[in-house]
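Work through these exercises on charged side chains. Keep the sequence and the structure at hand.

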Amino acid sequence: QVQLVESGGGLVQAGGSLRLSCVASGSIFRIIAMGWYRQAPGKQRELVADINSGGGINYADFVEGRFKISRANAENTVYLQMSSLKPEDTAVYYCNTRAYTDPKHWDDYWGQGNQVTVSS
């Protein structure tokens, strides 16, 4: 099994910044990608950003250059630096890891979720 532990959420005023962190541990053979999703009340979970083992990065359109995803491969850690936050960024943010637990089997794993609230 793979466990993800997130930290860094909280309450911030519009225009402020927050940094989310996520550490993956457990039976990890090889990580394929790590990323962040979010889910606002009444809405579906959506991709915010992800980064694969080769360093390729995807951002959702709504990021608009305000967020930066990075990864510390040696520590199986992924970060999301969020700046210029808007009230519509308010959501529960989930860390995701797609990883092999042996040479043949991979799966998606999720963190517990971290509330980010942006006040106007």
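**Exercise 1.** How many salt bridges does a search of the whole structure find?

*Solution.* The model is predicted. A search of the whole structure finds five salt bridges.

**Exercise 2.** Locate the salt bridge of Glu64 and Lys86 in the chain.

*Solution.* Start with the distance: the two side chains meet at 3.0 Å, N to O. Next, place the residues. Glu64 sits in the loop between strand 6 (57-59) and strand 7 (67-72), and Lys86 in the loop between strand 8 (77-82) and strand 9 (91-100), so the pair ties together parts 22 residues apart in sequence. Then check accessibility. Glu64 is exposed, at 57% relative accessible area. Lys86 is partly exposed, at 28%.

**Exercise 3.** Is Asp89, a salt-bridge partner of Arg66, buried or exposed?

*Solution.* The closest N and O atoms of Asp89 and Arg66 are 2.7 Å apart. The pair links the loop between strand 8 and strand 9, home of Asp89, to the loop between strand 6 and strand 7, home of Arg66. Asp89 is buried, and Arg66 is buried too.

**Exercise 4.** Which side chain of opposite charge is nearest to Asp50?

*Solution.* Place Asp50 first: strand 5 (residues 46-52). Asp50 is buried, and the nearest side chain of opposite charge is Arg98, 7.7 Å away. A salt bridge must fall within 4 Å, so that distance is too long. Asp50 has no salt bridge. Now look at Arg98. Its side chain meets Asp108 in a salt bridge at 2.9 Å, N to O. Arg98 lies in strand 9 and Asp108 in strand 10 (residues 106-110).

Technical notes
Residues numbered from 1 in each chain as written. Predicted model: local features only at pLDDT ≥ 70, side-chain atom pairs only at ≥ 80, totals over all residues. Heavy atoms only, no water. Helix = DSSP H or I, 4+ residues; strand = E, 2+ residues; numbered from the N terminus. Buried < 20%, exposed > 50% of the residue type's maximum accessible area, 1.4 Å probe, protein only. Lys, Arg positive; Asp, Glu negative; His and termini not counted.
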